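I opened this model to see how its parts hold together. My notes are below.

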Amino acid sequence: MIQITMPTPDVTIYKQENPELSHIYGFTDFILIPRDKAGIFMFYNDKDELLFVGKAWKLRPRIKKHFEDTVSVIKDYREEVTKIELCLVEDPVHREIYETYIINEYKAKYNVDKVLYK
């Protein structure tokens with residue numbers, strides 16, 4: 001049997017209620033997300049329910065794209081996201097394993113690909 005545990009998040013950013021600085025859907029701390037690092041990211045709502053899990057070669061542009069893109073899976077649910085966690089994972093095989101594991105173990109609400117629990 002293979003044992004997989006969810007990695008500890010390296011960065012967590014929270015939605016601001018009334019942001020004074022420039023923001024995207026209330027998030028002002030995108031600068032804390034490494035631009036050129038690979039990893040997995042998780043979007044949560046205010047009840048700490050997992051909404052979406054993804055992976056990226058370059059985390060910051062990929063996460064921002066989810067909030068700006070018209071074809072993102074979460075485009076209709078962006079307002080629901082209140083917390084973003086990310087884990088730096090350089091190995092592409094490890095990213096794939098973690099993403100699939102987290103989607104299915106924690107039943108990410110808006111993931112449609114890689115879902116095995118339905």
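These entries cover the cores, one helix and some salt bridges.

I am working with a predicted model, where local features need pLDDT of at least 70, side-chain atom pairs count only at pLDDT 80 or more, and totals for chains, interfaces and linings use all residues. Numbering runs from 1 along each chain as its sequence is written, and side-chain values use heavy atoms, without hydrogens and water.

**Cores.** I looked up the largest nonpolar core (buried Ala, Val, Leu, Ile, Met, Phe, Trp, Tyr and Cys joined through side-chain atoms within 4.5 Å; buried is under 20% relative accessible area, exposed over 50%, partly exposed in between, with a 1.4 Å probe and protein chains only). It has 19 residues, and Phe-43 is one of those with the most contacts inside it. Strands E1, E2, E3 and E4 and helix H1 each give two or more residues. Helices (H or I, at least four residues) and strands (E, at least two) are DSSP runs, numbered from the N terminus. Another core, of 11 residues, lies apart and includes Tyr-44 and Tyr-101.

**Helix H2.** I found Tyr-101 buried here, along with Ile-102 and Ile-103, among others. The buried residues of H2 pack against E2 and E3 (contact: heavy atoms within 4.5 Å).

**Salt bridges.** I counted eight (a side-chain nitrogen of Lys or Arg within 4 Å of a carboxyl oxygen of Asp or Glu) in the structure. Glu-79 meets Lys-15 at 3.4 Å, N to O. Glu-79 sits in the loop between H1 and E4 and Lys-15 in the loop between E1 and E2, so this pair ties together parts 64 residues apart in sequence. Glu-79 is exposed, at 54% relative accessibility. Lys-15 is partly exposed, at 23%.
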